[in-house]
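Me: Hi! I've got a protein with a ligand open on my screen and I'd like some help finding my way around. Can we go through it together?

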Amino acid sequence: DGMNVLRIDDAPLPKSKNLDVLKEFEKTKSKKSASFVVVGHVDAGKSTLMGRLLLDLHVVDQRTIQKYRKEAESIGKSSFALAWVLDQRSEERSRGVTIDIATNKFETDATSFTILDAPGHRDFIPNMIAGASQADFAILVVDATTGAFEAGLKGQTREHSLLLRSMGVSRIIVAINKLDTVGWSQARFDEISQQVSGFLLATGFQLKNVSFVPVSGLLGDNIVKRSTDAAAGWYEGKTLVEELESSEPMARALHKPLRLTISEVYRSTQSPLTVSGRIDAGSLQAGDALLVQPSGEKAYVKSLELDQEPVDWAVAGQNVVIHLSNIDPIHVRVGDIICDTKQPIPCIDTFTVKILAFDILMPMQVDVHRGRLHAAGQIVEMSAVLDKVKGTVMKKKPRIVKPGSVARVVVKMGTKVPLEAGQRVVLRSGGETVAAGLLE
Ligand code: GDP
């Protein structure tokens, strides 16, 4: 697109302030920051719930909501107004669905939160994977309306919980939603809580990390404000926001070598080559030399931005914009990894992975997904079926792996891809998620 005619690769090297980034980070650390993903079946009320959360925390104002309400009514979908808060692009609006991981930020007194939105449409599972692999915890939204939960639990709710678990999320807040439709029945809340507990326990979650909150996203009960409905008087637990605030973010991998997966590549006023993404591990500062994988090309950090403000440095857990120099843009693509030049991520075409099977596995073609990166591959070896809890070998060289089992398999891809031990990958086949797990 004309980008590659710009010779920025022979510009003078940017200057470094040689800061001790981790020390600088310690000095500024005032607020806890945490990110979460929102999952649950289609129509469970995820978007409405998040819209309500942002409205009641005054992140968006009543006027904006009024505007959305008018637009929503004009296409005959008035209930979508709250949901649109999360999703401000008109093309998506007219289709009536939320796509992509729109990152929305909000703050409470103690914590700065990022919502990694992950809608429940089947086709959008790859986005959910990208979201879940970055999340400190999850909100699982369940529709309490008679019959809806029973239908949802079997399908998407089940797949989503398994996926969360295999992507390393261990803390879940279960929002039992639309309780207004069942007259705030405590029996209904208890029944659903019990069933979801049993299900999450079987999936490998520890119940001390799971909480249940009865809510109505549409009306706003128990989200930021406590329900004032007399029928809901039996609930004395925390609101959704209180549950969010009491959730501990996962430890940041600050001391590890730099890893950042590129989520966007574009041309900006500061540089013909600007990238953005979340720092998964390590830190970086202006002037740093970096390596882009899989191209193996070196680049330099001309300048950095956090939340549209120029900064000198950034650390793991932050979403950063980097203006690059001294590299030809043809070597940089979405899904590539920016890493430390001395301890770069390797590019490999074969890996061993410990996976949770969602479907029957056998030697077969699979698409390998890691965040936004995906590559065609094949299961070339089925090494063992493992004990779900202990991880010990139960059966060597199985012919097939059944859904719900944990197994060790070897996958070979058609091309070399930046991947390393400890990363989480998802295997898909024919548009369905068939397995997810951890690289060994
Ligand atoms: P999503 O697909 O999970 O994002 O679900 P939406 O947020 O789009 O909501 C689906 C439908 O459920 C919409 O018509 C909402 O207005 C409705 N809805 C969402 N939350 C509630 C609730 O708490 N009570 C009631 N009665 N309806 C709700």
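Me: Which backbone has a polar atom 3.2 Å from an oxygen atom of the ligand?
Reply: That is leucine 218, which uses a polar backbone atom. Keep in mind that this is a predicted model.

Me: How much of the ligand does the protein bury?
Reply: The protein buries 85% of the 580 Å² that the ligand exposes when taken alone.

Me: OK, and which side chains have polar atoms by the ligand's oxygens?
Reply: Two to look at are lysine 46 and asparagine 177. A polar side-chain atom of lysine 46 lies 2.7 Å from a ligand oxygen. For asparagine 177, an N or O atom of the side chain is 3.2 Å from an oxygen of the ligand.

Me: What about the whole shell, how many residues are around the ligand?
Reply: There are 16, and Asp43, Lys46, Ser47, Thr48 and Asp180 come nearest. By type, the shell has nine polar, four charged and three nonpolar residues.

Me: Which element gives the most to that shell?
Reply: Helix 2, residues 46-56, with three residues.

Me: Changing topic: what's in the largest nonpolar core?
Reply: It has 37 residues, and Leu164, Val174, Ile176, Val196 and Leu200 touch the most other members. Elements giving two or more residues to this core include strand 1 (32-39), helix 6 (148-166) and strand 5 (172-177). Helix 7 gives the most, with five residues.

Me: Why would nonpolar side chains be together like that?
Reply: In soluble globular proteins, nonpolar side chains tend to be buried together.

Me: What does leucine 200 touch?
Reply: Leaving out residues up to four places away in sequence, leucine 200 touches Ser161, Ile172, Val174, Phe205 and Val210. There is also a second, separate core of 27 residues, with Phe36, Ala44, Leu54 and Ile223 among them.

Me: Now the backbone. Where is the cis peptide bond?
Reply: It joins glutamine 293 and proline 294, with omega at about 10°. Proline 294 is in the loop between strand 10 (289-293) and strand 11 (297-306).

Me: And what is the phi of tryptophan 184?
Reply: It is positive, about 55°, although tryptophan 184 is not a glycine. You'll find tryptophan 184 in the loop between strand 5 and helix 7.

Me: Is tryptophan 184 buried or exposed?
Reply: Buried, because its relative accessible area is 3%, and the cut-off for buried is under 20%.

Me: What about aspartate 307, buried or exposed?
Reply: Aspartate 307 counts as exposed, at 55% relative accessibility. Aspartate 307 also has a positive phi, about 50°, without being a glycine, and is found in the loop between strand 11 and strand 12 (309-311).

Methods: Residues are numbered from 1 along each chain as its sequence is written. This is a predicted model: local features need pLDDT of at least 70, side-chain atom pairs count only at pLDDT 80 or more; totals for chains, interfaces and linings use all residues. Side-chain values use heavy atoms; hydrogens and water are left out. A residue is near a molecule or strand if one of its heavy atoms lies within 4 Å of it. A polar contact is a pair of N or O atoms within 3.5 Å; within protein, one must be able to donate a hydrogen and the other to accept it, and residues adjacent in sequence count only if both atoms are side-chain atoms. Accessible areas come from the Shrake-Rupley method with a 1.4 Å probe; for residues, only the protein chains shown count as cover. Helices (H or I, at least four residues) and strands (E, at least two) are DSSP runs, numbered from the N terminus. Ala, Val, Leu, Ile, Met, Phe, Trp, Tyr, Cys and Pro count as nonpolar, Asp, Glu, Lys and Arg as charged, and the others, Gly among them, as polar. A nonpolar core is a set of buried Ala, Val, Leu, Ile, Met, Phe, Trp, Tyr and Cys residues joined through side-chain atoms within 4.5 Å. Buried means under 20% relative accessible area, exposed over 50%, partly exposed in between (1.4 Å probe, protein chains only). Contact means heavy atoms within 4.5 Å.
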